[in-house]
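Please work through the exercises below with the sequence and the model open beside you. Each task is followed by a solution that goes step by step.

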Amino acid sequence: MTLSVLTASIALLHLLGIFAAMHAVMHTRTPQGAIGWAIGLLLLPYVTLLPYLYLGSSRFLGYLSKYHQARLTSAAPIPLDERVIDPGCARFAAISALQNRPFRGGHRLRLLIDGDATFEVMLAAMAAAEHSLLVQFFIFRDDNLGRRVQQLLLQRAAAGVSVCVLFDGVGSHDLPRHYVETLRAGGVAIHPFATRRWRNRFQLNFRNHRKIVVVDGARAFVGGLNVGDEYLGLKPPLAPWRDTHLELQGPVVTDLQQLFAEDWQWITGAPPPLLASPPGDGNASVLVVASGPADLQETCSLFFTAAINAASERIWLSTPYFVPDHAVLAALRLAVLRGVDVRVLIPARPDHHTVFLASTLHAHHALRAGIRMFRYQPGFLHQKALLIDHDSAAIGSMNLDSRSFRLNFEVTALVVDRAFAAEVGAMLEADFARSLPVEEREYDDAPYLRRVAMHVARLFDPLL
């Protein structure tokens with residue numbers, strides 16, 4: 001009897017594995033991922049069925065319809081202040097078309113370097129909110145910085161400000177319940193970004209990695225920093241923490257409000273309070289670039305590919321995780337062949353060892369293609385910055401890895417403005433001065449087993 005039950009169970013698992021393998025072949029985004037899942041599900045279903053349930057889906061279902069509904073119900077009342085657009089924006093027309101939104105002109109920008117400078121400015125802006133405060137981070141921690149932010153949010157809610165907060169349920173998995181309950185009791189509307197359709201419900205891969213703060217519809221912040229003491233460089237061994245954020249004032253704040261509203265409406269079913277953005281009095285042209293697993297195309301990868309292909313003089317790129325897909329790596333290689341100065345800045349210290357191993361192998365291959373690679377030495381490099389020629393730059397949350405390309409909701413600000421590009425260029429020059437060039441011997445002289453580990457780690461590129 002026991003043997004019959006065991007035999008039937010094994011047969012059922014193999015049958016489920018066959019159906020799951022068929023699903024993987026039909027729906028996995030990349031051929032490599034489809035092959036990997038299919039082989040595992042067919043040969044070892046008792047090992048791979050459960051991981052496939054949590055990690056196998058390649059689309060975030062249901063969000064797309066909510067996206068259009070949010071645009072119809074929330075965007076119409078908000079007027080846009082259109083200003084003269086820099087002619088340099090024309091070469092990014094494909095990115096604008098991909099986003100279905102235009103560049104907007106007339107912006108004032110402030111580059112915020114590292115945690116102390118960023119949170120000094122951002123918290124002061126939040127403390128001055130009079131009407132609405134939209135706050136979204138991938139990570140909230142219940143530490144000194146997290147409690148400072150919590151108290152500020154409670155103060156603004158007590159003052160009658162409408163405060164809406166989103167955090168990612170996976171990224172903030174260790175956030176204690178009492179932190180959220182205290183905010184709710186104080187009048188703050190706060191929710192985790194989580195899945196709501198049964199097909200999404202088990203998925204751990206989909207995460208909202210965006211960092212957006214909008215104050216009274218007039219000032220906005222995007223970048224790489226989250227709410228936690230490590231982002232202030234207070235947690236060895238990764239300290240000091242190197243990161244970058246951006247403050248924006250001008251009509252593009254409307255687009256960032258709308259992006260927040262789309263996520264908010266997905267979770268709550270109702271739009272948050274949105275305010276008209278005042279006319280801008282600056283010179284910078286800005287395009288908000290948003291991407292996510294609900295997109296019909298791989299928006300993040302296409303953004304990097306198009307931006308790199310637009311360069312004619314230089315591409316300086318800073319990323320904590322260098323795991324490019326074939327399209328982005330090909331764009332970087334072609335840029336080298338065009339005579340473009342291509343430099344990529346990556347960490348010297350790992351925060352995720354598997355990603356670091358894969359990144360080391362990709363850096364080796366990039367180096368052999370003529371791409372200049374550098375490792376930042378003082379601490380952990382977490383900034384996501386892209387400099388194109390001498391007039392364009394992007395600051396946001398997008399990493400150069402498959403997770404950002406295909407699995408995370410991301411946002412970045414693409415700026416066309418010579419003065420701002422010069423600021424970003426000076427910032428990156430200072431970073432390169434604190435870095436050491438990657439040499440081929442980093443891979444060639446590594447112990448054999450470590451090189452094997454690099455190649456094994458690369459097999460997991462679709463999940464990194």
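## Cysteines and cores

A search of this predicted model, carried out over the whole structure, finds 0 disulfides.

**Exercise 1.** Determine whether Cys 164 is buried or exposed, and do likewise for Cys 300.

*Solution.* Begin with the cut-off, under which a residue counts as buried when its relative accessible area is under 20%. Cys 164 has a relative accessible area of 5% and is therefore buried. Cys 300, with a relative accessible area of 0%, is likewise buried.

**Exercise 2.** Find how many residues the largest nonpolar core has, and which helix gives the largest share of this core.

*Solution.* The largest nonpolar core has 44 residues, and among those with the most contacts inside it are Leu 246, Leu 248, Leu 256 and Phe 420. The largest share of this core comes from helix α10, residues 252–268, which supplies 9 residues. A second core, separate from this one, has 43 residues, including Met 126, Leu 145, Leu 152 and Phe 167.

**Exercise 3.** List the residues with which Leu 256 is in contact, leaving aside its neighbours within four places in sequence.

*Solution.* Once those neighbours are left aside, Leu 256 is in contact with Ile 212, Val 214, Ala 220, Val 222, Leu 248, Val 288 and Val 411.

**Exercise 4.** State what percentage of the residues in the protein is buried, and how many helices and strands the protein has.

*Solution.* Of the 464 residues in the protein, 57% are buried. The secondary structure comes to 17 helices and 16 strands.

Key:
Residues are numbered from 1 along each chain as its sequence is written. This is a predicted model: local features need pLDDT of at least 70, side-chain atom pairs count only at pLDDT 80 or more; totals for chains, interfaces and linings use all residues. Side-chain values use heavy atoms; hydrogens and water are left out. Helices (H or I, at least four residues) and strands (E, at least two) are DSSP runs, numbered from the N terminus. Buried means under 20% relative accessible area, exposed over 50%, partly exposed in between (1.4 Å probe, protein chains only). A nonpolar core is a set of buried Ala, Val, Leu, Ile, Met, Phe, Trp, Tyr and Cys residues joined through side-chain atoms within 4.5 Å. Contact means heavy atoms within 4.5 Å. A disulfide is a pair of cysteine sulfur atoms within 2.5 Å.
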